[in-house]
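Please open the model in a viewer and keep the sequence panel beside it. The tour below proceeds from the whole chain to individual residues.

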Amino acid sequence: MTDAETLSRGPRAYTAFIGIGLVAGLLSGLFGVGGGTVIVPLLVLFLHFNQRLGAGTSLAAIVPTATVGVISYAINGSVAWIPALILAAGSVVGAQIGTRMLPKISQTVLRWFFVGFLVVVIVSLFLVVPSRDAEFELQLLNGLALVVVGVATGILAGLIGVGGGVIVVPILMLAFGTSDLVAKGTSLLMMIPTAISGTIGNLRNRNVDLVAAAFVGVSACTTTALGAWLATLIDPQVGNMLFAAYLVVIAVQMAMKAIKGRKNRD
């Protein structure tokens, strides 16, 4: 039995699962992300999960979390349903492509590429403030662009395990002119079929701790609606700054992994 399996039956681990879920749920609702960028590193750090088990457990926990988030945003009319489904379809296909490309591409190069992408997004968030009144009008060209974004998001998810929200939310705001609330609600809806698809595959490969996923997911559900409510109260410019700060943390995490991967290779 692994350390993760032993701890998952102890009081300390149950407390940690609940704490991780509460934090992940709040960030998920506030920023429209799945919370995997919080769940995975905390499971690895505090409960000694290996990276693969942590990622699989996180993906399973995202399903109920994102569902509550979508409902919270939908109440305010902040979900673009058809665009979300287009993104999800592209992401599911892209994830399959990404996992097949994984053995052939340098993880270090990919991580530095993603860090560069995040830097551009962070700078853009300070220059472009989305309008709360902006609506997503689906047309042929932007529909095709959504497919491309979905596939690219899925490929990155398959290659380096990055959740879709970190990519989709800023792209919807900056490239498609969507309001920040619609971008977040749409991102959360996109994640649900993607997470379900990934979880089915992880269950077959036994890369999910169902006990941990249940505790993290249910705990996250209790704070996701709070995060979504706070997002409606925060000024869009302040929301951009908070999201930029969140992306800085992710960029630092990814840069550290890239540096560590290069040292291990050397």
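The stops that follow begin with the overall fold and then turn to ring pairs, buried positions and loops.

**Before selecting anything**

This is a predicted model, in which local features need pLDDT of at least 70, side-chain atom pairs count only at pLDDT 80 or more, and totals for chains, interfaces and linings use all residues. Residues are numbered from 1 along each chain as its sequence is written, and side-chain values use heavy atoms, with hydrogens and water left out.

**Stop 1: the whole chain**

Display the protein as a cartoon: eleven helices and zero strands appear. Helices here are DSSP runs of H or I with at least four residues, strands are runs of E with at least two, and both are numbered from the N terminus. Along the sequence the pattern therefore reads α-α-α-α-α-α-α-α-α-α-α.

Orient the view along the principal axes, where the C-alpha atoms fill a box of roughly 55 × 40 × 30 Å. The radius of gyration is 17 Å, which agrees with the value near 18 Å for a compact globule of 266 residues. That radius is taken over C-alpha atoms, and the globule rule is 2.2 Å times the number of residues to the power 0.38.

Residues 24 or more positions apart account for 84% of the contacts with a separation of 6 or more, a contact being heavy atoms within 4.5 Å.

**Stop 2: surface and charge**

Switch to a surface representation. The accessible surface comes to about 12,500 Å², and 68% of this area belongs to carbon and sulfur atoms; the areas come from the Shrake-Rupley method with a 1.4 Å probe, and for residues only the protein chains shown count as cover. Of the 266 residues, 50% count as buried, where buried means under 20% relative accessible area, exposed over 50%, and partly exposed in between.

Colour the charged side chains next: 15 are positive and 9 are negative, and the centres of the two sets lie 16 Å apart. Lys and Arg count as positive and Asp and Glu as negative, while His and the chain ends are not counted. Each charge is placed at NZ of Lys, CZ of Arg, CG of Asp or CD of Glu.

**Stop 3: aromatic pairs**

How many aromatic pairs does a search of the whole structure find? There are seven. Rings of Phe, Tyr and Trp (its six-membered ring) pair if their centres lie within 6.5 Å; planes under 30 degrees apart count as stacked, over 60 as edge-to-face and the rest as tilted.

Select Y14 and F215, a tilted pair with 4.8 Å centre to centre and 50° between the planes. Y14 lies in helix 2 (residues 11-31) and F215 in helix 10 (residues 210-233), so the pair ties together parts that are 201 residues apart in sequence. Y14 is partly exposed at 25% relative accessibility, and F215 is partly exposed at 32%.

Move to F31 and Y246, whose ring centres are 5.1 Å apart with planes at 25°, so this pair is stacked. F31 belongs to helix 2 and Y246 to helix 11 (residues 236-265), and the two are 215 residues apart. Both F31 and Y246 are buried.

To see a cluster linked by ring pairs, select Y14, F17, F49 and F215 together.

**Stop 4: buried positions**

Select T65 in helix 4 (residues 51-75). T65 is buried, with a relative accessible area of 3%. Beyond its neighbours within four places in sequence, T65 contacts G25, S28, G217, A220, C221 and T224.

Continue to A88 in helix 5 (residues 81-101), which is buried at 3% relative accessibility. Not counting residues up to four places away, A88 touches M190, P193 and T194. A distance drawn from A88 to T186 reads 10.0 Å between C-alpha atoms, across 98 residues of sequence.

S78 sits in the loop between helix 4 and helix 5 and is buried, with a relative accessible area of 7%. Its contacts, again leaving aside neighbours within four places in sequence, are Y73, L181, V182, G185 and T186. The C-alpha atoms of S78 and T232 are separated by 10.0 Å, with their positions 154 residues apart along the chain.

**Stop 5: two loop residues with positive phi**

Select H48 in the loop between helix 3 (36-47) and helix 4. Phi of H48 is near 60°, a positive value in a residue other than glycine, and H48 is partly exposed at 44% relative accessibility.

End at R206, in the loop between helix 9 (180-204) and helix 10. Phi of R206 is near 55°, also positive in a residue other than glycine, and R206 counts as exposed at 76% relative accessibility.

Notes: Buried < 20%, exposed > 50% of the residue type's maximum accessible area, 1.4 Å probe, protein only.
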